[in-house]
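User: I'm new to reading protein structures. Could you walk me through some features, giving me the general idea and then the case here?

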Amino acid sequence: MTDRITAPLDDFGSADIAVAGGKGSALGELRRKGFPVPAGFIVTTYAYRALLAETGLGAALQDLLRAGTQDGPDGAEIRSLFAATEMPDDVRREVGKAYAGLGGGAVAVRSSATAEDLPRAAFAGQQDTYLNVQGEDAVLHAVVDCWGSLWTDRAIAYRQRQGIDPREVAIAVVVQKMVPAEMAGVMFTANPVTGERGEIVVEASPGLGEAVVSGQVTPEQYVLDRSGKPLSFTPGRREVVISAAAGGGTLEQAGSAAPGPGLAPEQLTQLAALAQRAQEHFGRPQDMEWAAVDDRVYVLQSRPLTALPPQPPTLNPFQKRLGPFFVEMFQERPYPLDVSGWMSRGILAMLDGMAGSVGVVFPRVEKLLPEEDGVVVQLVPPVPHPTIRTLAAPVSLTRRARQFKPTEWMEDPRFSEFLDRVERLNARDPGGLRWAEIVGMAEDCFATMRGITDLRISYLPGAFLPMLKLRAMLLLLGRLRLASALIAGAETRTSQANRALERLADVASADPELARAFVEADAGRLAELVERQPADVPFRQAFESFLREYGHRETVSVVLSSAPTWSDAPGVVLGLVKSLMGERRQSPDQTGAALEELGRHAALRYPTVRRRVLDAVDAARKGMAFREDSHFYATKVIPPLRRAYRELGERLVRAGVVDVAQDIYHLRFEELASIRDNDDGALPASVRERFRRLVLARAEKRRELEGIPLLDTSLLFHDRKVPGALVSGMSASRGLAEGPVRVIREPAEFGRLQSGEILVCPYTNPSWTPLFQRAAAVVVDTGGLGSHAAIVAREYGIPAVMGTGTGTSTLFDAQKVLVDGDAGVVRPAALEGS
């Protein structure tokens with residue numbers, strides 16, 4: 001098969017991507033399995049490679065690839081070379097023979113690249129398709145155009161983002177009998193927005209399906225159950241109807257909205273059955289294109305459904321109650337090294353130890369954070385399981401509460417030992433260590449963290465039981481609502497850090513030049529300015545002193561070693577300082593007011609009652625201080641751990657495994673531990689061969705999941721109100737993005753889009769998709785879930801609202817808006833009009 005120029009579609013299967021491309025191999029596989037796929041043939045990648053080899057085009061292409069810029073080669077120049085090159089005689093003869101064998105007549109000519117329709121990269125619309133092609137010369141011309149479409153700017157940019165080497169790609173061409181569709185569209189075998197696997201989503205519009213996949217129409221949408229029964233229906237607008245033109249090509253005509261569904265129940269049943277069969281055969285959810293004519297449904301394409309959210313979990317009341325706590329911890333998707341390193345061996349090991357001390361088994365990290373292809377896809381609030389030992393928990397807790405007083409925890413020898421170990425870790429220079437020794441340094445960090453775990457197991461009962469006691473007293477007194485305010489005034493390392501920030505703001509305000517810089521510059525510029533200050537400048541001295549004391553604090557979450565600390569990201573601290581400069585609002589003394597209200601209670605007129613209640617308040621506040629301060633000291637382990645990881649990452653950069661040191665977080669800790677360096681300290685070439693592709697694959701999977709929350713908070717909170725929308729449409733890609741509007745009505749205006757703006761446009765087609773690298777979100781007058789814009793937006797991880805109808809006429813340039821991709825609405829930004 002590898003040296004055949006053409007072959008019938010039936011001759012190919014899923015294993016033939018290298019010869020038939022992604023689309024062709026999938027369609028051949030479906031025909032083999034009895035799916036209603038139109039008959040056709042494939043012009044194989046052998047024909048494409050023959051063109052390159054026999055005409056000199058291959059050498060010219062290699063020269064252009066070598067001369068390409070950082071953004072890739074010049075696609076227009078490459079396509080002009082294809083257009084000017086004669087097809088080899090044997091290729092021309094074989095394609096003509098195959099076309100005649102198909103019976104001639106109208107055909108669809110579709111590109112089928114070797115790097116498209118893959119599980120993590122749909123390449124939706126990145127290469128060309130030609131419909132209603134008639135006559136041998138027209139077919140040959142369309143084949144050449146398909147070859148050239150491998151090198152469109154949009155395809156080059158897409159491959160570059162996917163990390164695909166342009167020298168390794170090739171393209172086949174699928175030629176099939178044309179289906180004169182009465183209705184056509186796309187179908188997803190799982191809900192691409194919610195991830196619900198029990199739903200099938202069908203989008204349809206009259207005429208050829210090109211109107212739907214290109215986003216030229218707002219299609220009618222059916223959400224079906226697995227049997228094909230409609231769960232919901234959204235009418236379409238039918239702005240355009242594309243049909244086959246007499247003599248070849250297509251014809252666009254204005255459409256008109258229909259009063260009801262365009263598909264009959266029997267057709268929906270057929271579509272659902274095809275969706276089920278395709279998903280079962282390929283073993284994963286599919287993104288399909290279809291066409292219906294004369295009550296028969298044809299499958300035109302089936303590819304893996306990319307950027308699919310995980311199946312929404314079903315949460316019990318306990319998980320819903322515990323969920324917000326974990327959502328707060330996991331504001332960002334943890335990397336593989338986060339999960340397998342600091343989390344499993346540090347923070348979650350601590351939670352596991354504390355739960356185990358009362359006979360409760362904490363679920364394994366695989367249950368809490370399910371993965372696909374080595375990347376976390378979801379957060380599932382845990383359900384701890386009590387054991388027979390839990391019956392003895394009250395005795396254990398009471399014993400520890402009496403033995404270990406939270407006010408005395410810093411006098412415990414174990415705390416001194418912890419601080420000594422941290423000091424020794426900080427004194428170590430990983431740059432002078434061998435690979436295994438640096439891994440050992442990281443393991444020492446985890447072992448050091450166990451010191452805080454042991455202290456928390458001992459002292460938390462003494463913090464937890466007084467709080468229960470206080471709440472019980474307040475409940476009896478009818479003042480339970482005062483509980484939070486009564487303990488809010490606890491003195492902690494965090495409250496001390498806040499006051500230190502205020503002092504830094506005062507120092508900055510006392511320097512007129514520096515104060516002006518804080519007003520005018522952003523956080524990044526401020527960090528550069530402070531770094532250039534002489535060492536004896538008061539603010540720099542105060543700032544460096546602050547970082548020495550508090551710089552180990554996390555910027556995002558304590559569970560993420562991948563996120564920078566305050567010392568790593570001084571701009572974060574300077575941003576806080578900036579917010580504190582000038583006149584500061586005095587916060588009300590909530591604790592004092594609560595104590596005053598409590599003191600007025602009639603029961604507290606009795607000295608014994610008063611003393612016991614106030615003692616309970618004091619004990620609860622000290623318990624709160626222990627919880628906060630033990631957290632503060634636990635983060636002291638993060639800086640030496642990050643230094644060890646950074647050194648390992650820099651060595652992986654030198655070995656060609658990763659491009660930047662931060663990419664080390666795509667690897668698991670046990671994978672790092674398995675690496676052995678050479679005697680000279682360098683990493684062997686086998687390390688690159690073993691891990692380079694793994695890093696790229698996980699990085700791409702992570703990008704695919706951008707914009708998909710780890711846990712949909714609507715599963716936790718059902719009372720959220722959606723404010724009035726400026727425009728509304730169809731939720732096509734999830735997430736939130738805020739920014740200024742930029743209305744782009746035609747390709748000539750592409751250059752007006754600035755990075756971070758909200759792209760608002762009347763329609764999209766594949767040539768628009770490179771803009772998505774700059775846009776913060778996309779809002780389109782037309783289109784639906786199956787349009788190229790929606791598919792690529794989900795892969796780029798930016799919110800998308802399709803089918804607004806009035807986006808370009810309602811929204812205007814520079815207007816500040818918030819795009820809610822989850823709800824399918826565009827709202828005024830929080831600051832708009834203020």
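Analyst: Happily! Let's begin with hairpins in this predicted model. Strands of a sheet pair through backbone hydrogen bonds, either parallel or antiparallel. Here β10 and β11 form a hairpin with five residues between them. Strand β10 (residues 240-244) and strand β11 (residues 250-254) run antiparallel and are joined by five bridges. To find a matching pair, start at Val240, whose bridge partner in β11 is Ala254. In the turn, look for Gly247, which has a positive phi of about 90°.

User: How many residues lie between the strands in the hairpin of β12 and β13, and which residue there takes a positive phi?

Analyst: That hairpin has two residues between its strands, and Asp294 takes a positive phi near 50°. Strand β12 (residues 286-293) is joined to β13 by eight bridges, and the two run antiparallel. Met288 is a good place to look, as it stands opposite Ser302 in β13.

User: Is strand β13 largely enclosed or left open?

Analyst: Strand β13 (residues 296-304) is largely enclosed by the rest of the structure, because eight of its nine residues are buried.

User: You keep mentioning positive phi. Which other residues have one, and where do they lie?

Analyst: The general idea is that most residues other than glycine have a negative phi. Two alanines are worth a look here. Ala307 has a positive phi, near 55°, and Ala814 has one of about 75°. Ala307 sits in the loop between β13 and α10 (317-329), while Ala814 lies in the loop between α28 (807-810) and β24 (816-820).

User: Are Ala307 and Ala814 buried or exposed?

Analyst: Check the relative accessibility of each. Buried means under 20%, and exposed means over 50%. Ala307, at 1%, therefore counts as buried, whereas Ala814, at 55%, counts as exposed.

User: Now a bigger sheet. What is the strand order in the open sheet of eight strands?

Analyst: Reading across, the order is β18-β25-β24-β20-β21-β22-β23-β19, with mixed pairing. At the edges stand β18 (727-728) and β19 (730-733), each with a single partner strand, so one side of each has no neighbour in the sheet. For a parallel pair, take strand β22 (residues 777-780) and strand β23 (residues 800-802), which are joined by two bridges. There, Val778 has Ala800 in β23 as its bridge partner.

User: And helices? How do I describe the way α5 and α6 cross?

Analyst: Two packed helices are described by the angle between their axes and the distance between the axes. For helix α5 (residues 89-101) and helix α6 (residues 136-148), the axes come within 10 Å and cross at roughly 120°. That angle makes α5 oblique to α6. The crossing is right-handed. On the α5 side, the contact is made by Val91, Arg92, Val95, Gly96 and Tyr99, and on the α6 side by Glu136, Val139, Leu140 and Trp147.

User: What about the inside of the protein? Which residues touch the most other members of the largest nonpolar core?

Analyst: In soluble globular proteins, nonpolar side chains tend to be buried together. The largest nonpolar core here has 100 residues, and Phe330, Phe539 and Leu652 touch the most other members. Helix α15 (residues 435-477) gives the most to this core, with 13 residues. Setting aside residues up to four places away in sequence, Phe330 touches Met343, Leu368, Leu369, Leu379, Val559 and Leu710. There is also a second, separate core of 38 residues, which includes Leu51, Leu52, Val91 and Val109.

User: Which residues does Thr448 touch, and where does it lie?

Analyst: Thr448 lies in helix α15 and is buried, with a relative accessible area of 2%. Beyond residues up to four places away in sequence, Thr448 touches Phe418, Arg421, Val422, Leu425 and Val637.

User: Can we finish with contacts between distant parts of the chain? What is Ala625 in contact with?

Analyst: Leaving aside neighbours within four places in sequence, Ala625 is in contact with Ala490, Glu491 and Thr492. Ala625 is found in helix α23 (residues 607-634) and is buried at 12% relative accessibility. Now view the contact from the other end: Thr492 lies in the loop between α16 (483-487) and α17 (493-509), and is buried at 8%. With the same neighbours-in-sequence rule, Thr492 is in contact with Ala625, Glu628 and Asp629. Lastly, the C-alpha atoms of Ala625 and Ala463 are separated by 8.7 Å, with the two residues 162 residues apart along the chain.

Note on methods:
Residues numbered from 1 in each chain as written. Predicted model: local features only at pLDDT ≥ 70, side-chain atom pairs only at ≥ 80, totals over all residues. Heavy atoms only, no water. Core = buried A, V, L, I, M, F, W, Y, C linked by side-chain atoms within 4.5 Å. Buried < 20%, exposed > 50% of the residue type's maximum accessible area, 1.4 Å probe, protein only. Helix = DSSP H or I, 4+ residues; strand = E, 2+ residues; numbered from the N terminus. Contact = heavy atoms within 4.5 Å. Pairing = 2+ DSSP bridges. Axes fitted to C-alpha atoms, helices over the stretch in contact; angles between N-to-C directions. Parallel < 35°, antiparallel > 145°, perpendicular 65-115°, else oblique. Left-handed = near helix turned anticlockwise from the far one by under 90°.
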